[in-house]
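Me: Can you walk me through this structure? I'd like the packing first, then the odd spots in the loops.

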Amino acid sequence: GSRALHNVSPMIFRLEEASYLAGMVAGRLTRSNVIGFVGGVELPPVKAAYQGWVNGAKSVNRGITSRFTYLNNWDDAALGREAALALIRVKVDVFHHNADAAALGVFQAAKETPGVLVFGANADQSALALEIVPGSAMIDLPRAFLALAREVQKGHFRPRVIVFGLEGGVVRYEPNPKFAGSLPANLAAQLQGARDSIIAGTLRPVAAK
C-alpha cells in the first residue's frame, strides 16, 4: 500500500536495495555475461527487484545482458523449472527470482544444469542448494514486526507509510559463506561501498547506470 489510515500502516520493503548487491556478485560470477530473473506476477515491487538486480550486475560488468520471465503464478514449481530451463537455453548462467514457491523450480533447474547459480530472494535460501546459491536478497520480517510492536508498546506509534531498506538490517544481502573463497578479492569492498551509498541515498538501485 501507499497510504496510511487510522491505525493501519502499510509496510514497504525495498528488496531492490539487496537485489542490487546480489546483482553485483552475479556480475562478477557469470561466465556467459547473461543473467536471468524469474518473477511470479509483474507487480511494481517485483519489477523493482529485477531492475535492482540488473543494475547491480551492470555496475561491475558492462558486458551484462539480462533475460526475464513472469510466470503469472506464485505456486507452480514445475512452471518455474520450465521457465528457468528455457532461459538456460539462451545462455543464462546466473539467476535471481521473486516467485515464492514457484521459484523452487528455478533451484531445481539449476541443480540439473552444471555451472548454473541461483540467488535467493525474500529469505536466506542458501540451504536449498549450498553449492549453487552464492547469497540471498532477504527481508527479515520478524525484525520489521518487532520494530513496529516496540513503537506500539512504548506509545510512539503513528500511522504512516513505513519503508524498510538496507538501513536497519530489515532488508539485506546475506552471502553464503561457502562462496567466500571463490569471489574476487576486491568485491567485498565494492559491496560495502555500494551498501553505504544506498543507505546514504547517493545510489538509487532502480535508477543506477
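What follows is a chat about the core, the helix contacts and a few single residues.

Me: Before we start, what kind of model is this, and what pLDDT do local features need?
Reply: This is a predicted model, in which local features need pLDDT of at least 70 and side-chain atom pairs count only at pLDDT 80 or more, while totals for chains, interfaces and linings use all residues. Residues are numbered from 1 along each chain as its sequence is written, and side-chain values use heavy atoms, with hydrogens and water left out.

Me: OK, core first. Which residues touch the most other members of the largest nonpolar core?
Reply: Leu21, Trp53, Phe95 and Phe119 do, out of 61 residues in that core. A nonpolar core here is a set of buried Ala, Val, Leu, Ile, Met, Phe, Trp, Tyr and Cys residues joined through side-chain atoms within 4.5 Å. Buried means under 20% relative accessible area, exposed means over 50%, and partly exposed is in between (1.4 Å probe, protein chains only).

Me: And which helix gives the most to this core?
Reply: Helix α1 (residues 15-29), with 9 residues. Helices (H or I, at least four residues) and strands (E, at least two) are DSSP runs, numbered from the N terminus.

Me: What is Phe119 in contact with?
Reply: Skipping its neighbours within four places in sequence, Phe119 is in contact with Ala22, Val25, Ala26, Leu29, Trp53, Val94, Phe95, His96, His97, Pro134, Gly135 and Tyr173. Contact means heavy atoms within 4.5 Å.

Me: Now Leu21. Buried or exposed?
Reply: Buried, with a relative accessible area of 4%. Leu21 sits in helix α1. Apart from neighbours within four places in sequence, Leu21 is in contact with Leu166, Tyr173, Leu191, Ala194, Arg195 and Ile198.

Me: Some of those must be in a helix. How do α1 and α6 pack?
Reply: α1 and helix α6 (residues 187-200) pack at an angle of about 155°, with their axes 10 Å apart. That makes α1 roughly antiparallel to α6. Axes are lines fitted to C-alpha atoms, for helices over the stretch in contact, and angles run from 0 to 180 degrees between N-to-C directions. Angles under 35 degrees count as roughly parallel, over 145 as roughly antiparallel, 65 to 115 as roughly perpendicular and the rest as oblique.

Me: Which residues meet there?
Reply: From α1, Glu17, Tyr20, Leu21, Met24, Val25 and Arg28 meet Leu187, Gln190, Leu191, Ala194, Arg195 and Ile198 of α6. By class, that contact has 8 nonpolar, 1 polar and 3 charged residues. Ala, Val, Leu, Ile, Met, Phe, Trp, Tyr, Cys and Pro count as nonpolar, Asp, Glu, Lys and Arg as charged, and the others, Gly among them, as polar.

Me: What about α1 and α2, at what angle do they pack?
Reply: About 40°, with the axes of α1 and helix α2 (residues 44-60) 6 Å apart. The residues in the contact include Ala22, Gly23 and Ala26 of α1 and Gly52, Trp53 and Gly56 of α2. That contact divides into 10 nonpolar, 7 polar and 2 charged residues.

Me: Moving on. How do α3 and α4 cross?
Reply: The axes of helix α3 (residues 77-88) and helix α4 (residues 104-112) come within 6 Å and cross at roughly 45°. α3 and α4 are therefore oblique to each other. Ile88 of α3 and Ala109 of α4 are among the residues making the contact.

Me: What else does Ile88 touch?
Reply: Not counting residues up to four places away in sequence, Ile88 touches Phe95, Ala109, Thr113 and Val116. Ile88 counts as buried at 17% relative accessibility.

Me: Strands now. Where does Gly39 lie?
Reply: Gly39 lies in strand β2 (residues 34-39), and Gly39 is buried, with a relative accessible area of 0%. Gly39 and Ala99 are 60 residues apart in sequence and 4.8 Å apart in space, C-alpha to C-alpha.

Me: Last topic, the loops. What is phi of Asn72?
Reply: Near 55°, a positive value in a residue other than glycine. Most residues other than glycine have a negative phi. Asn72 is in the loop between β3 (65-70) and α3, and counts as exposed at 62% relative accessibility.

Me: And Lys91, what is its phi?
Reply: Lys91 has a positive phi of about 85°, although it is not a glycine. Lys91 is in the loop between α3 and β4 (94-98), and counts as exposed at 62% relative accessibility.
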